[in-house]
Amino acid sequence: MRVKFITLGCKVNQYETQALMEKMEEAGFEVTKDKADLYIINTCSVTHRADAKSKEAVTRAHHENPQAKVALCGCFVQGNIEKIKRFDVDYLIPQDRKQFLVEIVKGKEFLPQEKCIWDLKISRFFNHRAFVKVQDGCNNFCSFCKIPYLRGYSRSRSDNEVIEEIERLLPHHPEIVLCGVNLGLYGEDLRPKKKLSFLIKKILDIKGLGRLRLSSLEPYLVDDELISLFSDKRLCPHLHLPFQSGDDKVLTLMNKRERVSDYYRLVENLRARYPDIAISCDIMVGFPAEDGESFERTVKFLEDIRPMRMHIFSFSPREKTKFEKFKVKNSLQVKKRVQVLKQKAEKFSYEYARRFSGKVLYMVAEEREKGYTIGYTENYLRVCARGDRELGNIYPVVMYESKRGEIKAKWYTA
């Protein structure tokens, strides 16, 4: 049977898709990118738009092959199983049963109540930069976020299992990206308790490691010990911080643990030690408590911080959260604010990229397009250099041109 996977959402979901693909292949299924007999849609439910994309994916699958079976799995199913029973799908697999995908599709009637989530492992990854899931769940319960209700409390993977997986991946992947639902909580549930910095140190001890990148980290979980590890050049000088807002009133109602002054201190500390470090962030627009003054304070904060990249999204009420029944008003005003921030984001990205004109950076070659080889540098700049290079290697490049949305570089020769 030919199986096609469609994945929505975060790095953790992409990792889980890879693990499920490998399990399906082991069970005798043929994984394809083309028309298939079975479509497996690994869903996301972090926003209302994510829910809509999950529904759209079902429609696309039926359109591509009306005779195919469709399996809907993951977070959207976990939170909406009664609502989506009317969907024209053959299998509904919640997030907490995702690891039983093969057994469910094969029609096994009796499944255990539980199965360790860490039974999902990978031996390769679809991209040259390989994601490795080391943590799942979240304990924060931010007032806008339903993810803790879908994935549960924080759970950490054994450090030995993480090391074993990375060692399997290293021959084919020059960059490892550690990911989790709330990565900074890694180790708090282990006995004895460990910290993310402990795991990073163990990974940096692996012989043959190319480079290591961290995915999103809650600012309050970035401590001095972790910051000190960026002195190792193999740890990519890039941190993604979900600030969400630059206004204390909004942060309080979001149930965020930090205040704006904490954000300033963290960024100042990072840049004092590593002036060129890349700082990207999440910013939410239209949260229920956000008025004109709140938004202006957020704009000022961002103008002070000047992140090199911003993920901007608008608030949408989520089930089980404090603002589940909130009716979004002034959608036009929200769209205008989003546009204001997008213009700022473009300006900040351009400014950051220009700082590296004429400097040597190191790019993972990931794809080729129109005569260029394209990939990400250690500080998360997406650059393109004319000519073909073998994909999956790290090459030194010198940036020479930065236009909005495109950074060009030349191959560096000593």
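Asn 255 counts as partly exposed because its relative accessibility is 41%; in this scheme buried means under 20% relative accessible area, exposed means over 50%, and partly exposed is in between, with a 1.4 Å probe and protein chains only. This is a predicted model, where local features need pLDDT of at least 70 and side-chain atom pairs count only at pLDDT 80 or more, while totals for chains, interfaces and linings use all residues. Residues are numbered from 1 along each chain as its sequence is written, and side-chain values use heavy atoms, with hydrogens and water left out.

Back to Asn 255: it sits in the loop between α9 (248-253) and α10. Helices are DSSP runs of H or I with at least four residues, strands are runs of E with at least two, and both are numbered from the N terminus. The backbone of Asn 255 has a positive phi of about 65°, although the residue is not a glycine.

Asn 255 also turns up in the wall of a cavity. A search of the whole structure finds one cavity of 30 Å³ or more, and the largest cavity has a volume of about 30 Å³. Here a cavity is a set of points, on a 1 Å grid over the protein atoms alone, where a 1.4 Å probe fits but cannot get out, and lining residues have an atom within 4 Å of a point. Grid points are joined across faces, edges and corners, and the volume is the space filled by probe spheres set on the points. Along with Asn 255, the lining is made of Asn 140, Cys 142, Glu 218, Tyr 220, Lys 256, Arg 257 and Glu 258. By class, that lining has two nonpolar, two polar and four charged residues. Ala, Val, Leu, Ile, Met, Phe, Trp, Tyr, Cys and Pro count as nonpolar, Asp, Glu, Lys and Arg as charged, and the others, Gly among them, as polar.

Now for the helices. Two packed helices are described by the angle between their axes and the distance between the axes. Axes are lines fitted to C-alpha atoms, for helices over the stretch in contact, and angles run from 0 to 180 degrees between N-to-C directions. Helix α10 (residues 260-273) and helix α11 (residues 292-305) have axes that come within 11 Å and cross at roughly 10°. The two are therefore roughly parallel to each other, a label for angles under 35 degrees. On the α10 side the contact is made by Val 260, Tyr 263, Tyr 264, Val 267 and Arg 271, and on the α11 side by Lys 300, Phe 301, Asp 304 and Ile 305; contact means heavy atoms within 4.5 Å. Six of these residues are nonpolar, none is polar and three are charged.

Helix α11 has another partner, α12 (residues 331-354), packed at an angle of about 5° with the axes 11 Å apart. That makes α11 roughly parallel to α12 as well. Here Gly 292, Phe 295, Val 299, Leu 302 and Glu 303 of α11 meet Arg 337, Val 340, Leu 341, Lys 344 and Phe 348 of α12. The class split is six nonpolar, one polar and three charged.

A few single residues deserve a look too, starting with their place and accessibility.

| Residue | Element | Relative accessibility |
|---|---|---|
| Thr 43 | strand β3 (residues 38-43) | 0%, buried |
| Gln 244 | strand β10 (residues 238-244) | 7%, buried |
| Glu 64 | helix α2 (residues 48-64) | 33%, partly exposed |
| Gln 339 | helix α12 | 41%, partly exposed |
| Glu 406 | strand β17 (residues 406-411) | 38%, partly exposed |

What does Thr 43 touch, not counting residues up to four places away in sequence? Its contacts are Leu 8, Asn 13, Ser 54, Gly 74, Phe 76, Val 77, Leu 72, Cys 73 and Cys 75. With the same exclusion, Glu 64 touches Lys 4, Asp 34, Lys 35, Ala 36 and Tyr 39. The C-alpha atoms of Glu 64 and Tyr 39 are separated by 10.0 Å, with the two residues 25 apart along the chain. Glu 406, leaving aside its neighbours within four places in sequence, is in contact with Cys 384 and Glu 401.

Two backbone details round things off. Gln 244 has a phi near 75°, a positive value in a residue other than glycine. The peptide bond from Arg 191 to Pro 192 is cis, with omega near 0°, and Pro 192 is found in the loop between β8 (175-180) and α7 (196-204).

Note on methods:
Parallel < 35°, antiparallel > 145°, perpendicular 65-115°, else oblique. 1 Å grid on protein atoms, 1.4 Å probe; cavity = no way out; pocket = protein on both sides within 12 Å on 5 of 7 lines; lining within 4 Å.
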